[in-house]
Amino acid sequence: MTHQLSVDSSSIRGWFTTDRFRLIHEFARSFLRSKTGTIGLIIVAILLITAIFAPLLAPYDPYELHVVDSLRPPSTTYLLGTDDLGRDILSRIIYGARVSLLVGFISIGLACLSGVPLGLIAGYKGGTTDALIMRLLDALLAFPAILLAIALMAVLGPSLQNAMIAIGIIYTPTFARITRSSVLSLREKEFVEASRAGGAGDFYLLFRIILPNCLSPIIVQSSLGVGYAILVEAALSFLGLGVQPPYASWGSMLYYGRTLLGIAPWFTTFPGIAIFFTVLGLNFLGDGLREVMDPRQTATPK
């Protein structure tokens with residue numbers, strides 16, 4: 001038993017001291033050379049910390065009403081002012097970060113789980129299977145994203161969970177097409193043919209040989225897709241189809257503050273700034289990942 005434990009411990013240490021650790025180190029160093037990627041990483045890290053530690057960072061309860069303090073401008077008491085019900089806008093923005101990031105990550109995760117397998121099958125099988133899958137996905141792409149999301153919400157009903165499902169559905173074709181294009185360029189490569197000649201089955205070829213070589217564009221698109229998903233969620237909440245009151249959402253804050261722009265511009269300005277910087281940070285992060293993962297982006301002519 002002691003011998004077995006020593007072998008397991010050395011194998012664990014070996015995992016961190018092999019080429020994997022060096023590759024991770026080189027990737028991190030290359031990524032940090034990108035100014036836009038570094039800025040995006042800092043913004044996203046701040047947002048994640050804000051969302052995780054929202055109860056500690058929020059100065060007030062975001063749902064507590066202070067009617068006597070309604071529509072107070074920014075001051076030392078309320079740093080970003082209050083809304084029409086006297087709720088602290090800073091606290092609601094902090095808690096709204098949880099909703100936005102949750103919707104962004106889960107909806108894009110759903111899109112990956114559904115789109116990537118479809119793209120793998122379509123690109124690998126080809127023929128009728130490819131044509132059928134891609135025509136169905138093209139039908140989804142024919143609709144503008146926000147209109148398709150509104151139609152799905154009309155069927156599913158307004159709620160946070162349904163908003164994540166709807167956003168996941170509308171971005172499924174994007175991941176399927178990206179994966180399919182990568183598979184088409186890989187399925188005839190020598191290492192795939194060698195694995196097939198060695199007796200590897202279709203499932204093994206798809207998920208153990210081809211998929212790992214398709215991850216770079218999928219990861220980049222995922223980082224960009226989270227920003228787009230947050231925008232769609234904000235639009236749905238603005239229309240009353242996303243997060244329902246009294247829960248804090250940047251989109252719903254824009255909706256309720258739109259009629260008070262003349263007398264309380266801070267009501268909509270600060271949630272709008274939060275959306276802007278969140279999407280900007282995610283786009284910068286995606287650009288940085290693209291520069292590192294795509295050799296054509298990093299290659300410089302001599």
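## Around Ile210

Let's start inside this predicted model, at Ile210. Which residues does Ile210 touch once its neighbours within four places in sequence are set aside? Its contacts are Leu120, Tyr124, Val183, Leu186, Val192 and Leu205. Ile210 belongs to the largest nonpolar core, which has 68 residues, and together with Leu236 it touches the most other members. Helix H5 supplies the largest share of this core, namely 15 residues.

There's another core too, lying apart from that one. It has five residues, including Ala122, Met134, Leu137 and Ala176.

## The whole chain

Now zoom out. How many helices and how many strands does the chain have? The count is 15 helices and zero strands. Along the principal axes, the C-alpha atoms fill a box of roughly 75 × 55 × 55 Å.

The chain has 302 residues, and 42% of them count as buried. About 16,200 Å² of the chain is exposed, with carbon and sulfur atoms supplying 68% of that area. As for contacts, take those with a separation of 6 or more: 69% of them are between residues 24 or more positions apart.

## A nonpolar patch on the outside

Nonpolar residues turn up on the surface as well: Leu102, Ile106, Leu110, Leu113, Val155, Leu156, Ile165 and Ile169 form a patch there. Together they have about 680 Å² of accessible area. Three elements give two or more residues each to the patch: helix H5 (89-125), helix H7 (145-156) and helix H8 (160-170).

Which helix gives the most to the patch? That's H5, with four residues. So H5 is the biggest giver to this patch and also has the largest share of the main core. Leu102 is a patch member that lies in H5. Is Leu102 buried, partly exposed or exposed? Its relative accessibility is 40%, so it counts as partly exposed.

## Two cysteines on their own

How many disulfides are counted here? The count is zero. A disulfide is a covalent bond between the sulfur atoms of two cysteines. To be counted as one, the two sulfur atoms must be within 2.5 Å. For Cys112, the nearest cysteine sulfur belongs to Cys214 and is 13 Å away, so Cys112 is in no disulfide. The same pair seen from the other end leaves Cys214 without a disulfide too, with the sulfur of Cys112 13 Å away.

Both cysteines are buried, though their values differ: Cys112 has 17% relative accessibility, while Cys214 has 0%. The cut-off for buried is under 20%, which is why 17% still makes Cys112 buried.

## Salt bridges

Side chains of opposite charge can pair when their charged atoms come close. How many salt bridges are counted in this chain? There are six. In one of them, the side chains of Asp83 and Arg87 meet at 2.9 Å, N to O. Are these two partners buried or exposed? Asp83 is buried, at 1% relative accessibility, and Arg87 is buried as well, at 11%.

Another salt bridge brings Asp138 and Arg135 together, at 2.8 Å from N to O. Both residues sit in helix H6 (residues 127-141), three residues apart, or about one turn of the helix. Asp138 is partly exposed, with a relative accessible area of 26%. You'll find a similar arrangement in helix H14 (residues 266-293), where Asp287 and Arg290 are three residues apart, about one turn of the helix. The closest N and O atoms in their salt bridge are 2.9 Å apart. Asp287 is partly exposed at 28% relative accessibility, and Arg290 is partly exposed with a relative accessible area of 28%. Back with Asp138 and Arg135, salt bridges that share partners join these two and Arg177 into one network.

## A positive phi at Leu71

One last spot to look at is Leu71, in the loop between helix H4 (54-57) and H5. What is the phi of Leu71 near? The value is near 55°, which is positive in a residue other than glycine. Most residues other than glycine have a negative phi. Leu71 is partly exposed, with 25% relative accessibility.

Notes:
Residues numbered from 1 in each chain as written. Predicted model: local features only at pLDDT ≥ 70, side-chain atom pairs only at ≥ 80, totals over all residues. Heavy atoms only, no water. Buried < 20%, exposed > 50% of the residue type's maximum accessible area, 1.4 Å probe, protein only. Patch = residues over 30% accessible without salt bridge, like charges linked within 9 Å, V, L, I, M, F, W, Y side chains within 5 Å. Areas by Shrake-Rupley, 256 points an atom, 1.4 Å probe, with all protein chains shown as cover. Salt bridge = Lys/Arg side-chain N within 4 Å of Asp/Glu carboxyl O. Core = buried A, V, L, I, M, F, W, Y, C linked by side-chain atoms within 4.5 Å. Contact = heavy atoms within 4.5 Å.
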